Amino acid sequence: MQYRSTRDKSIKMTSAQAIAQGLSRDGGLFVPESFPFFPTGMLERMTVLPYVERAVTIMKLFLDDFTENELRDYAAKAYGYPNFDHRDVAPVVKTAEHTSFLELWHGPTCAFKDVALQMLPHLLSASLDKTGETKDACVLVATSGDTGKAALEGFCDVPRTKIMVFYPEDGVSDVQKLQMTTQQGGNVGVAAVTGNFDDAQTGVKKIFSDEKMRERLNARGYFLSSANSINWGRLLPQMAYYVSAYCDMVKSGDIAMGDNINFCVPTGNFGNILAGYYAKKIGLPIGRLICASNCNDVLTEFIETGVYNRNRAFMTTISPSMDILVSSNLERLLFDLSGGDDARVASYMKALPDEGRYTVSGEIMNGVKSHFSCGRCSDAETKATIREMYKKEHYLIDTHTAVAYNVLQSYRSKTGDMTKTVVVSTASPFKFCDSVLEALGENTTLSGLDLIDRLATFTGVRAPEPLRTLRGKAVRFSESFSKDKMPDVVEQFLA
Ligand SMILES: *Cc1c(COP(=O)(O)O)cnc(C)c1O
């Protein structure tokens with residue numbers, strides 16, 4: 001199967017090339033040239049398989065230059081115990097007759113990005129061998145907290161890769177900082193940058209566009225790569241958990257094979273929910289995909305009006321992983337719904353930096369409306385939802401998941417649609433202890449690791465092992481640099 005760019009269809013790549021390269025040279029994203037459709041009986045067969053085998057089955061449909069055994073080897077490494085601390089990997093928890101939660105946070109960093117970032121490094125490393133690339137990948141990440149740690153865990157000691165993470169000194173929580181500075185592995189580097197996330201991000205972008213530096217690194221045997229969610233190798237593993245959730249619901253008798261279900265997804269960069277759309281496209285019986293926004297509601301406004309408008313104030317919320325104004329993966333949806341109109345997609349993507357907005361065609365809008373619903377949720381509503389859920393069902397959810405559950409409730413009262421719905425649960429509540437404790441009415445002056453203990457005592461829920469054991473870990477990276485020193489830090493790291 002070939003992959004092509006969303007901005008120029010004549011650019012074609014094998015799956016290994018698309019993964020090794022990440023982003024197309026024209027700035028477009030790689031998408032499969034054609035989509036497979038579940039062969040008869042495949043979904044039935046998958047219901048009795050464990051998660052790793054379900055993931056292999058789905059990935060195999062899209063990666064024909066990888067053997068089944070290779071994919072099985074990567075999936076077993078990525079999702080095996082104790083890397084994921086739940087034997088179902090992505091368990092479905094039913095809380096009410098029509099509502100279940102798909103817990104995607106049983107991996108090493110307790111958030112859903114692990115599902116993709118535990119797989120991507122294996123795919124990338126193997127893609128280098130398959131494409132005859134002689135240089136190794138040096139992954140650079142600027143992080144506002146969660147992605148950095150998930151990328152460090154994913155790339156830790158993966159052959160032919162190195163990873164350097166920059167985090168803003170004043171922009172991450174105590175726990176996030178400790179998670180990164182205690183990272184194990186022989187191929188990892190972590191550095192604080194004085195300033196905020198934007199400073200770190202700008203610094204990394206500058207390194208990427210510095211031709212001279214690229215040449216020096218090339219001469220040393222490295223090329224620069226990124227781990228962000230535009231890489232096909234990061235999106236594909238996310239399709240598997242939609243299929244897996246469906247299989248689990250059939251297996252438990254909650255639904256019958258062939259019944260439609262809805263998914264409600266807390267959305268930022270549009271990667272997670274796009275994987276759900278692709279799962280539907282290849283034959284998974286999904287009714288509505290409900291896109292949940294916090295008050296950075298650029299996507300919800302787009303789904304309502306067909307206008308994508310990033311000209312607005314950026315808000316800081318208690319669901320920070322959804323604080324995004326430009327959702328990169330939407331580009332893939334626009335390409336698909338326009339019937340592969342690359343020129344049109346390219347013109348929208350050009351308008352975004354130029355004018356900060358674009359309006360999509362009626363054809364695309366019809367497509368959007370036929371698959372997606374949407375809604376928004378404020379911080380106050382998010383907290384009320386956490387409290388209510390805990391009181392009524394004794395089920396603890398994090399702030400991102402609460403945004404989705406709140407939006408689902410509004411959707412249901414607005415539409416009367418009581419189709420069985422899976423809320424995609426993207427983080428452990430222990431990752432956002434301060435907001436969760438506050439939501440539960442616990443006003444505390446504690447900070448850092450003490451908050452984790454407090455939430456555990458207060459709720460009687462055990463904190464996940466990777467967070468519980470942070471206290472005993474030695475700090476390996478304690479240096480902090482100014483933004484203009486970042487290139488030197490990278491060169492020293494690779495020396
Ligand atoms: C990244 C993230 C999201 C948003 O997912 P996208 O794929 O960017 O839409 C939601 N919740 C959590 C906890 C996340 O880390």
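1. Start with the ligand. In this predicted model, 14 residues surround the ligand, and the closest are Lys113, Gly268, Asn269, Asn272 and Thr426. If you have the structure open, find Lys113 and Asn269 now, since both names come back below.

2. Which backbone atoms come up against the ligand's oxygen atoms? Asn269 has a polar backbone atom 2.7 Å from an oxygen atom of the ligand. For Phe270, a polar backbone atom sits 3.1 Å from a ligand oxygen. Gly271 joins in as well, with a backbone N or O atom 3.2 Å from an oxygen atom of the ligand. As for how covered the ligand is, on its own it has 380 Å² of accessible area, and the protein covers 97% of that.

3. Now back to Lys113, one of the closest residues to the ligand. UniProt, in an unreviewed entry, places the feature "modified residue: N6-(pyridoxal phosphate)lysine" at Lys113. Treat that as a note from the record; an annotation like this may be inferred rather than shown by experiment.

4. Where does Lys113 sit, and is Lys113 buried or exposed? Lys113 is found in helix α5, which covers residues 113-117. Its relative accessible area is 18%, so Lys113 counts as buried, the cut-off being under 20%. Setting aside neighbours within four places in sequence, Lys113 is in contact with Thr147, Ala150, Arg234 and Ser321.

5. Next, have a look at Ala18 in helix α1, residues 15-21. Ala18 has a relative accessibility of 1%, so Ala18 is buried too. Leaving out residues up to four places away in sequence, Ala18 touches Tyr3, Met13 and Phe30. You can also check a distance here: Ala18 and Val31 are 13 residues apart along the chain, and their C-alpha atoms are separated by 8.8 Å.

6. Helix α16 (residues 362-371) is a nice one for seeing a helix with a buried side. Which of its residues are buried? They are Ile364, Met365, Gly367, Val368 and His371. These residues cover an arc of only 160° around the axis, which means they lie on the same side of α16. The general idea is worth remembering: an α-helix has 3.6 residues a turn, so residues three or four places apart point the same way.

7. What do the buried residues of α16 pack against? Their partners are the helices α12 (271-281), α13 (298-305), α14 (330-337) and α15 (342-355), plus the strands β11 (286-293) and β14 (372-376). Try clicking through these elements in turn while keeping α16 in view.

Notes. Residues numbered from 1 in each chain as written. Predicted model: local features only at pLDDT ≥ 70, side-chain atom pairs only at ≥ 80, totals over all residues. Heavy atoms only, no water. Helix = DSSP H or I, 4+ residues; strand = E, 2+ residues; numbered from the N terminus. Buried < 20%, exposed > 50% of the residue type's maximum accessible area, 1.4 Å probe, protein only. Contact = heavy atoms within 4.5 Å. Arc of directions from axis to C-beta. Near = heavy atom within 4 Å. Polar contact = N/O pair within 3.5 Å; in protein donor to acceptor, adjacent residues only side chain to side chain. Areas by Shrake-Rupley, 256 points an atom, 1.4 Å probe, with all protein chains shown as cover.
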